[in-house]
Amino acid sequence: MEIRLFDTIEYLASGSVQQQHAYTILLKRDIMRLLAPYNPILAGTFPLDITVDDSDLDILCEVYDLQEFATWATHNFGMEEGFSVCSLPNQEPAAVVVVFFLDGIQLELFAQGRPTKEQHAYRHMCIEYKLLQLLGADFRKKIIALKAAGIKTEPAFAQLLQIDGDPYMGLLDYKIEI
């Protein structure tokens, strides 16, 4: 499943107040252009407009040399508040997460040696987008309420959809018509 809407961040400019704020931050610092060599895609709660107070901007990146990316990110963002780099060797394939804050919002760059549209976070987002479209405003409100109560996005969807087991894998296996 692929949702072309997410190919750029332009949709944020005419979205909710939170989406417009995210758009301004990303545009002001030219984040997506800086990340362009890594085929970035903004994923998660901001594209879906299901943000809560502590939502972060998750940007997926296609990276095959994780050490080079960590060095590049340190050079470009190392001076930012809360900057950190963390290796995730147990991911398949391995990944690196770069975290920092811009204008009070946390950015999380998830770098993995897999095309961004094949990464689990992108696939989750496309399924969640379709479910939000199909199930309407009340379902969206329930997701946001669960997130505000501290439940992560995929577990919130799994809870409302009564998906047993691992919510991350269960959501990927959820049968939904496109």
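**Notes on the aromatic cluster and the core**

1. A good place to start is the cluster that ring pairs build from Y38, F69, W72, F77 and F100. Keep in mind that this is a predicted model. The count of aromatic pairs comes to eight.

2. Take W72 and F77 from that group. Their rings meet edge-to-face, with 5.8 Å from centre to centre and 80 degrees between the planes. W72 has 18% relative accessibility, so it still counts as buried, given that the cut-off is under 20%. F77 is buried too, at a relative accessible area of 1%.

3. F77 also pairs with F100, and here the rings are stacked: the centres are 4.5 Å apart and the planes differ by 10 degrees. What does this pair tie together? F77 sits in helix 4 (residues 66-77) and F100 in strand 4 (residues 95-102), so the contact joins parts that are 23 residues apart in sequence. F100 is buried, with a relative accessible area of 0%.

4. Now for the nonpolar side of things. The largest nonpolar core holds 55 residues, and L26, L35, I59, F69 and F157 have the most contacts inside it. Helix 5 (residues 120-148) is the top contributor to this core, giving nine residues. F69 is worth a second look: it belongs to the ring cluster and is also among the residues with the most contacts in the core.

5. Finally, which residues does F157 touch, leaving out those up to four places away in sequence? They are I50, E128, L131, L132, F139, I143 and L171.

Definitions and conventions
Residues are numbered from 1 along each chain as its sequence is written. This is a predicted model: local features need pLDDT of at least 70, side-chain atom pairs count only at pLDDT 80 or more; totals for chains, interfaces and linings use all residues. Side-chain values use heavy atoms; hydrogens and water are left out. Rings of Phe, Tyr and Trp (its six-membered ring) pair if their centres lie within 6.5 Å; planes under 30 degrees apart count as stacked, over 60 as edge-to-face and the rest as tilted. Buried means under 20% relative accessible area, exposed over 50%, partly exposed in between (1.4 Å probe, protein chains only). Helices (H or I, at least four residues) and strands (E, at least two) are DSSP runs, numbered from the N terminus. A nonpolar core is a set of buried Ala, Val, Leu, Ile, Met, Phe, Trp, Tyr and Cys residues joined through side-chain atoms within 4.5 Å. Contact means heavy atoms within 4.5 Å.
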